[in-house]
Amino acid sequence: MKCNTHFRPREPSPGFLRPYNALKLSCTLCGSWRGNLGDLTTHQKNECPMSIIQCSHQGCKQKQTRNKMNTIHSQICARRVLSCPYCKKNFTYEDLKQHFDDCEEYPVKCESRGCTVVLPRKQSLIHRSQECMFSKVLCEWSEYGCTHKTTRSDMKNHHLDSTAQHLQCVKNVLDKILTMLPQDQVKSALNDLESEKDSQRGSSSSASESFAVHSPGITDEQLLQQLPLQYHTLKELGLSGCTNLTHTSIAKVVQNCTRLQILNLVNCDQITDSPVISLSQNCKQLEELYLENCKQLTDTSITALAQNCTQLQYLDLNECFQITDNSITQLAQNCKQLEGLYLENCKQLTDTSITALAQNCTQIRILDLAKCIQISENTIIQLAHKLPRLQMLRLNDCNQVTDATVISLVKSCIELRTLHLNDCQNVSEELRGELKRLGILNRTHVFA
């Protein structure tokens, strides 16, 4: 039989609960707090480090214990709001990385090789098409058949040197038109002429400005035979993997290629200081140099590069383990346009040279410090504060890196996209998991 009587619940009177609330006990979650029973709920809701709480950033549903939330997740949460340092608009961290690709105020470097101008993205197209003296443009006489294309700064010299050629171009046009009279065929002649010009433009490639060979067996003599006749005009030279080459051929090439801007000598392990010093003396427009695994190089050649090739933007010294602080400090003081520097396994480097890089080369986007085991946590934190545009950092085997180091990097380097932490034994699995969720630390980078 169902009872139809309804009772209103009554709150126990304070006097009734007072003896119970005064009971002493420890928190069942953290075990470190001890107090009155009446205060336990407040403790677990507001203070207990082991209570499960949800991230306070809007849109984040991540739940963790309070201590992990405060020390790791909340500081690098993908939903935390940051201000774009360029346009000052607010975005969540996960949206900010995409925003950098579109931001009209984002500083970009002019794409013309040799130009060092950095300006807002919205101005870059106008700069390159109308102002940049390093942009390549067609000769003003191109409509008459001149196919020469050079930088805006060299165009005046071209006009002075090619006056006779330009007059000949005009004569050729007139001759072709006259030979195609009557008038109904003039139009056809002009069309043919335009096609001929397009064909000439297509065939006038930059082959004379670049050359590459990647044959491990090639010798010094064979290289010099294979080089194009006009190799002194080369701007790009790729010789990676040519393990039989010695200083003989490299020195001869760089003495003549004074316009060289890019040189790849990766794995040319017979190269010594001598040809690199010659390179620094003759190729002062050098912008990119790749010397990975050239293990015979010492501070002598790198210092010469730093003093003479001040336009260097990318330098690869991976596995050049004889390099010390002396040459890298010189590099930091003289090559302030550096954007990429690779120093894996340069184990003699210490905080001295890395601090100099942080203070002087603030445009660095790519930095490889894997196996540089003498670099301290404080120096890496300094890198984080001094290199705000850092996008890729390798710290594999740097055992002085801790959770605090990584959190400082992620908070300060808001453009950071890839972080390598293989064999960093003092970085917790909890933090690695957070970095994976942010997309900074890929799965292949988490474990050794």
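Ser280 counts as buried in this predicted model, since its relative accessibility is 0%, which lies under the 20% limit for burial. The residue belongs to helix α11, which spans residues 273-282, and its side chain comes to 2.6 Å from the backbone oxygen of Ile277. When neighbours within four places in sequence are left aside, Ser280 is in contact with Ala304, Leu305, Asn308 and Cys309.

Gln64, a residue of strand β4 (residues 63-65), is likewise buried, with a relative accessible area of 14%. Its side chain makes a polar contact with the side chain of Glu434, at 2.9 Å. Glu434 also appears among the residues that Gln64 touches once those up to four places away in sequence are not counted, together with Ser51, Ile52, Ile53, Met69, His73 and Arg437.

The side-chain approaches of these two residues are set out below.

| Side chain | Partner and distance |
|---|---|
| Ser280 | backbone oxygen of Ile277, 2.6 Å |
| Gln64 | side chain of Glu434, 2.9 Å |

Turning to helix α4, which covers residues 93-100, the buried positions are Tyr93, Leu96, Lys97, His99 and Phe100. Seen down the axis of α4, these buried residues fall within an arc of 160°, and they therefore line one face of the helix. What do the buried residues of α4 pack against? Their partners include two strands, β5 (81-83) and β6 (90-92), as well as the helices α5 (121-131), α16 (403-412) and α17 (429-438).

Terms used: Residues are numbered from 1 along each chain as its sequence is written. This is a predicted model: local features need pLDDT of at least 70, side-chain atom pairs count only at pLDDT 80 or more; totals for chains, interfaces and linings use all residues. Side-chain values use heavy atoms; hydrogens and water are left out. Buried means under 20% relative accessible area, exposed over 50%, partly exposed in between (1.4 Å probe, protein chains only). Helices (H or I, at least four residues) and strands (E, at least two) are DSSP runs, numbered from the N terminus. The arc is that of the directions from the helix axis to the C-beta atoms. Contact means heavy atoms within 4.5 Å. A polar contact is a pair of N or O atoms within 3.5 Å; within protein, one must be able to donate a hydrogen and the other to accept it, and residues adjacent in sequence count only if both atoms are side-chain atoms.
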